[in-house]
Amino acid sequence: MRSNVLSSPEPDDVQEKVNSARCTSRCLSLHMTQLTAAFRHIQNIQVLDWCENHRRCAQCLQPCKELWETRKAISPKSCEKQTECVTSREFLASLRSSRQGDCPPPQRATGFAAACVESCSLDHDCPSSRKCCFNGCGHTCQAPANLYKGVPLKPRREMSFVENPEGHVKVAWVSKFNVSMEPVIYMLQSRWNIGIHPSEDHASPWATVVMTLSEDVILSDLRPQRWYQFRVAAINSHGSRGFTTPSKHYISSKDPSPPEPPTNIRVSNQTLEWADSQLTPEFTERLTGSRPSVAVLLCWEPPREGDLPVHNYRITWMSRHARAAHKHTVQAQPHPEHISKHMQSVHLQEQSKKDSSSALTRGAQTELWLQGLLPATPYVLSVQTVAYWGQKRLKSHRAQLFFTTIIHEGEDFSNELPSSSSSSSLPSSPSQASSSPSSHKPPESSRLAHMDMLPNPSENLRLEVAAPHFHHSQLQVKVFWKWSHHARQRHRGPYILSWHPHTCTTNVTSADRTTTVEGTHHTIKGLQFSCKYRVSVAMVADPGAEAVAWVTTPTCSSIRVRGDKALPCNKQERPLAGRKVVLRPERLTADFQQVNGSLLTTLQWRMSHHAMDSAAVEGFQFTWSLQSELSPTTGRHEDALISQTQTIAPSERFITIDGLQADSMYRVQLQVLTAGGRTGAAVSKTIHTPTINATL
């Protein structure tokens with residue numbers, strides 16, 4: 001089995017590092033006389049330091065080092081007139097154009113390799129490690145000769161790992177006999193996986209850890225709870241024989257550190273929700289009367305990569321009024337001298353937990369809707385990163401945010417997000433942080449001024465909708481509204497903006513969403529795919545005079561995210577535009593009653609959600625047929641075919657049938673009659689009538 005050599009196609013960064021190592025080995029080989037005189041062993045990391053301080057060796061090393069550090073080819077101007085530098089640059093250029101090994105003599109070509117054709121022009125036109133060689137008549141891809149001539153042997157597979165108390169790991173390997181006198185550059189690569197057991201199937205891609213002349217390296221950045229594997233390649237100016245087989249798995253003995261807290265916590269949107277909105281119980285606070293609540297969209301950035309992957313985030317919040325009240329209560333209570341400050345702190349924490357709310361994200365998502373918050377109320381919120389080490393949960397420090405929810409008074413609506421501050425900066429004014437909803441009410445004269453500014457019916461408010469777009473993992477659309485030019489100065493906000501899905505292909509229903517905006521534009525977020533939305537805007541002072549616009553959202557399958565990847569979508573989704581409306585009856589149910597010894601059957605139904613044009617229904621045709629009946633002689637069901645049909649008015653949604661046989665199987669069918677007497681969609685069902693004497 002042929003060895004995997006580095007001359008075969010490799011990732012660009014790996015191949016560039018190999019070329020840099022070959023270039024470095026060549027420069028050191030040119031100064032072997034001085035190196036052997038200065039060092040007892042040339043496989044020493046200090047050899048590179050000597051070369052960098054030697055004028056001619058440093059000039060030769062300059063293109064190799066720049067390629068090593070930046071992975072970019074050095075420009076001709078960088079070498080200027082330095083002969084050593086120019087020669088190294090030309091050597092690097094030859095490595096890019098030709099692969100390891102030599103072309104065989106033309107007379108040795110056989111088969112297709114001897115064909116008189118021009119099948120290639122460069123080595124990279126050929127597959128695997130083959131080279132583009134002249135065969136005496138043309139150029140074909142041929143297996144190279146002298147592939148490993150002068151190339152060092154692979155190091156041994158066995159590696160040793162020694163970890164010191166600081167968690168630094170020394171990785172060492174043993175080289176075989178060096179077939180050439182040239183210095184050897186070692187390229188060490190690693191990969192890892194997280195889990196209880198080591199796994200090569202779920203391991204990360206191979207990544208270059210270090211390039212060195214010595215046969216060991218000390219690594220200080222190995223993470224706990226990761227299974228590492230290593231491999232090493234020996235490289236000189238002639239090339240390499242490839243990487244060793246992966247080493248045995250190694251896991252550090254260090255305990256993992258707790259994760260870091262998330263960053264850039266912010267409130268990106270606030271929306272008013274009324275009492276009929278469905279609130280998630282664990283996110284909802286107690287509301288009094290019909291007062292609306294506030295839904296807040298909280299976003300944050302994930303922390304830097306730590307020792308353990310992020311499992312989820314924990315969010316805790318409470319109103320600052322309640323927090324201040326608890327602190328005041330604890331400080332005001334007279335504690336006996338024998339009660340310690342620690343007990344006071346515990347009492348405060350227990351009181352705070354009773355009035356605080358918390359939520360956990362599903363996985364490592366970086367946003368969450370908090371629902372059921374009180375309007376015009378300052379809140380303190382904290383977010384913690386949670387990771388697991390086996391059964392032990394590790395939590396980060398709390399990252400805090402202070403914010404105030406929007407108010408719900410009609411005279412002073414605003415969707416502009418109130419100023420929020422992180423844990424490092426408190427609100428600018430304590431009075432602002434503790435203001436009550438009543439403090440936001442304008443004076444009576446201001447309210448009268450609003451009444452004087454009611455729009456004239458001749459002055460039109462226009463609402464415009466931009467094209468929907470997918471951003472931050474949600475569907476959004478920006479809406480604008482404006483008055484005519486002469487009414488623009490008279491009619492200013494705040495405005496009430498409402499939207500709800502009129503119809504959706506996936507039969508999704510959603511309550512009306514309402515928010516308030518001080519300006520004349522707003523971005524609606526969290527829209528459903530493949531829906532037709534009704535959007536309206538009106539002044540707070542005159543909610544009845546509204547402007548309406550419609551927007552149709554795209555299908556989920558038409559959205560592409562970074563990397564041209566598709567989103568996970570509902571398979572039943574269809575484009576809304578151009579969809580054929582189906583008039584279909586559904587939810588056909590049967591109810592039985594016993595009246596004067598006979599069976600009275602009532603069947604009910606309703607029209608489908610998609611049947612928006614009820615005027616297209618001319619009526620219904622109802623058919624029922626007896627499929628089987630119980631024979632009094634045999635006691636078994638015997639087949640029968642007794643069918644009847646009845647036409648029903650289009651406004652009716654039920655039919656009553658008298659005289660069905662007891663304890664029998666009936667097949668009922670309800671079909672829509674459309675314009676012109678044509679038959680539309682139908683629904684059928686099999687029913688089993690009860691016995692006459694049974695309790696119905």
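These are my notebook entries on strand pairing and one buried arginine in a predicted model.

Setup. I number residues from 1 along each chain as its sequence is written, and I use heavy atoms for side-chain values, leaving out hydrogens and water. Because the model is predicted, I accept local features only at pLDDT of at least 70 and side-chain atom pairs only at pLDDT 80 or more, while totals for chains, interfaces and linings use all residues.

Hairpin. I looked up strand 1 (residues 131–134) and strand 2 (residues 139–142), which run antiparallel and are joined by four bridges; strands are DSSP runs of E, at least two residues, numbered from the N terminus, and two of them pair if DSSP finds at least two bridges between them. Cys133 has Thr140 in strand 2 as its bridge partner. Four residues lie between the two strands of this hairpin, and Gly136 in the turn has a positive phi of about 100 degrees.

Sheet. I then traced an open sheet of three strands, in the order 3-4-7, with antiparallel pairing. Its edge strands, each pairing on one side only, are strand 3 (159–163) and strand 7 (216–219). Strand 4 (residues 169–173) is joined to strand 7 by four bridges, and Ala172 has Asp216 as its bridge partner there.

Arg231. I found Arg231 in strand 8 (residues 226–236), and it is buried, with a relative accessible area of 17% (buried means under 20%, with a 1.4 Å probe and protein chains only). Its contacts (heavy atoms within 4.5 Å), not counting residues up to four places away in sequence, include Met159, Trp206 and Phe243.

How values were computed
Buried < 20%, exposed > 50% of the residue type's maximum accessible area, 1.4 Å probe, protein only.
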